Amino acid sequence: MSRRGTAEKRTAKSDPIFRNRLVNMVVNRIMKDGKKSLAYQILYRAVKKIQQKTETNPLLVLRQAIRRVTPNIGNRI
């Protein structure tokens, strides 16, 4: 029997500007060598360009893009 207690579930933190967990997850994927501030700069610059070009909510565009690239597992046999 293990003497160690069970680990508590951690919730993903949200980013400081948009307060969105999806943005934080994307930043963690972009991050290289632990440079999170640089990853935030890259993502916020991209979001700003999306805002200027499409004139819509950039978070909706980001969510749509991620939904389109993820594989659809439900339709497999």
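On one side of helix α2 sit Lys48, Lys49, Gln52 and Lys53, and these residues are exposed. In this predicted model, the opposite picture comes from Ala39, Tyr40, Leu43, Tyr44 and Val47, which are buried. Looking down the axis of α2, the buried residues stay within an arc of 125 degrees, so they line one face of the helix. As for what that face meets, the buried residues of α2 pack against α1 (21-30) and α3 (58-69).

The helix itself runs from residue 36 to residue 54, 19 residues in total. From first C-alpha to last, α2 reaches 27 Å, close to the 27 Å expected at 1.5 Å a residue. Right after α2 comes Glu55, with a positive phi, near 55 degrees.

Zooming out, the protein chain has three helices and zero strands, in the order α-α-α along the sequence. Its radius of gyration is 17 Å, well over the 11 Å that the globule rule gives for 77 residues, so the chain is more spread out than a compact globule. The C-alpha atoms take up a box of roughly 60 × 40 × 20 Å along the principal axes. Just 19% of the 77 residues count as buried. The chain exposes about 7300 Å², with carbon and sulfur atoms supplying 52% of that area. Of the contacts between residues at least 6 apart in sequence, 37% join residues at least 24 apart.

Then there is the segment before α1, where Arg4 is found. Arg4 is exposed, with a relative accessible area of 70%. Though Arg4 and Phe18 are 14 residues apart in sequence, their C-alpha atoms are 37 Å apart in space.

Note on methods
Residues numbered from 1 in each chain as written. Predicted model: local features only at pLDDT ≥ 70, side-chain atom pairs only at ≥ 80, totals over all residues. Heavy atoms only, no water. Helix = DSSP H or I, 4+ residues; strand = E, 2+ residues; numbered from the N terminus. Expected span 1.5 Å × (residues − 1). Buried < 20%, exposed > 50% of the residue type's maximum accessible area, 1.4 Å probe, protein only. Arc of directions from axis to C-beta. Contact = heavy atoms within 4.5 Å. Rg over C-alpha atoms; globule rule 2.2 N^0.38 Å. Areas by Shrake-Rupley, 256 points an atom, 1.4 Å probe, with all protein chains shown as cover.
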